[in-house]
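Biologist: Before I accept any label on a model, I would like to hear the reasoning behind it. Could we go through the labels one at a time?

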Amino acid sequence: MYTFNLHCHSLLSDGVLLPSEVAARYAALGYTIIAITDHADYSNIKSNTKAIVEFCRYWPKNSPIKVLPGVELTHVPVAQFKPLSAYARKNGIKIIVAHGETGVEPVVPGTNKAALEADIDILAHPGLISEADVILARKKGILLEITSRHGHGKTNNHVAKLALKLGAKLVFNTDSHGPADIITPVALRGVALKVGLSSKDIDAVCKNVSKFLATKSR
């Protein structure tokens with residue numbers, strides 16, 4: 001069963017829940033690992049990084065859900081992905097998400113490529129990502145996101161099709177901002193099935209993400 005969600009927000013950015021409530025709600029639905037990845041740029045990366053790393057440090061070791069400290073680099077100028085990701089990694093962030101070129105927001109062209117060239121883990125909602133960028137993601141082992149988030153999910157089919165064709169790795173995320181966005185693992189699996197992934201494909205994604213997380217959750 002796919003019980004991970006590596007892209008969710010709290011009130012540290014534009015979410016509406018405390019990190020502890022985010023974790024509690026995911027745990028109640030059967031998730032075993034989440035990453036809280038609040039939006040950041042140069043204005044708040046220091047405070048957000050410090051806050052989420054400290055929160056995760058004090059999260060109970062015996063909790064049924066593990067919470068990883070994350071960040072989503074969002075709408076940053078393309079030249080800032082490398083220094084911002086380096087800062088986040090140096091200061092204890094385990095999961096670095098880049099806000100990709102979704103078709104429902106005015107994201108700067110070239111964002112996908114610049115993010116993939118930096119030290120990130122996940123390219124979120126990458127829109128109509130090019131084959132060249134999918135190949136770059138494959139070479140660097142960066143996960144391409146299939147999302148249940150309304151709007152951003154409009155290009156899920158395109159992302160899934162190219163990832164399967166070119167051998168890039170995928171991840172399924174909710175990109176949750178509030179309670180209504182926190183769906184069950186079964187519902188998240190349903191999102192993957194709707195974009196043409198088979199049960200075998202989904203099992204492969206689960207195994208890949210499990211291996212990825214084994215290196216992040218130590």
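Modeller: What follows takes the labels in turn, and the model is a predicted one.

Biologist: What makes the fold of the chain agree with a compact globule?

Modeller: The radius of gyration does. For 218 residues a compact globule would have a value near 17 Å, and the chain has 16 Å, so the two agree. Along its principal axes the C-alpha trace spans about 40 × 40 × 30 Å.

Biologist: What does the chain consist of in secondary structure, and what share of its residues counts as buried?

Modeller: There are eight helices and seven strands. Of the 218 residues, 53% count as buried. Among contacts with a separation of 6 or more, 72% are between residues 24 or more positions apart. The accessible surface comes to about 9600 Å², and carbon and sulfur atoms hold 58% of that.

Biologist: How far apart are the mean positions of the positive and negative charges?

Modeller: They are 8 Å apart, taken over 26 positive and 18 negative charges.

Biologist: Turning to the aromatic rings, how many pairs are there?

Modeller: The count is four aromatic pairs.

Biologist: Why is the pair of Y2 and F4 called edge-to-face?

Modeller: The ring centres of Y2 and F4 are 5.1 Å apart, and a pair needs centres within 6.5 Å, so the two rings pair. Their planes stand at 75 degrees, and the edge-to-face class begins over 60, so the pair is edge-to-face. Both Y2 and F4 are buried. Together with F172 they form one aromatic cluster.

Biologist: And F55 with W59: why is that pair tilted?

Modeller: The planes of F55 and W59 are at 40 degrees, with 5.4 Å centre to centre. Stacked would require under 30 degrees and edge-to-face over 60, so an angle of 40 degrees leaves the pair as tilted.

Biologist: How do you know whether F55 and W59 are buried or exposed?

Modeller: Buried means under 20% relative accessible area. F55 has 19%, so F55 is buried. W59 has 17%, so W59 is buried as well.

Biologist: Which class do A115 and E21 fall into, by the rule for accessibility?

Modeller: A115 has 0% relative accessibility and therefore counts as buried. E21 has 32%, which lies between the limits of 20% and 50%, so E21 counts as partly exposed.

Biologist: Where in the chain is A115, and what is it in contact with?

Modeller: A115 is in helix 4, residues 111–116. Apart from neighbours within four places in sequence, A115 is in contact with F81, A98, I120 and L123. Its C-alpha atom is separated by 18 Å from that of T155, which is 40 residues away along the chain.

Biologist: And where is E21?

Modeller: E21 is in helix 1, residues 19–28. The C-alpha atoms of E21 and S63 are separated by 13 Å, with the two positions 42 residues apart along the chain counted as their distance apart.

Biologist: Which residues of helix 6 are buried, and what do they pack against?

Modeller: In helix 6, residues 156–166, the buried ones are N156, V159, A160, L162, A163 and L166. These buried residues pack against helix 5 (131–140), strand 6 (143–147), strand 7 (170–173) and helix 7 (185–194).

Biologist: What is the phi of G167, just after helix 6?

Modeller: G167 takes a positive phi of about 80 degrees.

Technical notes. Residues are numbered from 1 along each chain as its sequence is written. This is a predicted model: local features need pLDDT of at least 70, side-chain atom pairs count only at pLDDT 80 or more; totals for chains, interfaces and linings use all residues. Side-chain values use heavy atoms; hydrogens and water are left out. Rings of Phe, Tyr and Trp (its six-membered ring) pair if their centres lie within 6.5 Å; planes under 30 degrees apart count as stacked, over 60 as edge-to-face and the rest as tilted. Buried means under 20% relative accessible area, exposed over 50%, partly exposed in between (1.4 Å probe, protein chains only). Helices (H or I, at least four residues) and strands (E, at least two) are DSSP runs, numbered from the N terminus. The radius of gyration is taken over C-alpha atoms; the globule rule is 2.2 Å times the number of residues to the power 0.38. Contact means heavy atoms within 4.5 Å. Accessible areas come from the Shrake-Rupley method with a 1.4 Å probe; for residues, only the protein chains shown count as cover. Lys and Arg count as positive and Asp and Glu as negative; His and the chain ends are not counted. The place of a charge is taken as NZ of Lys, CZ of Arg, CG of Asp or CD of Glu.
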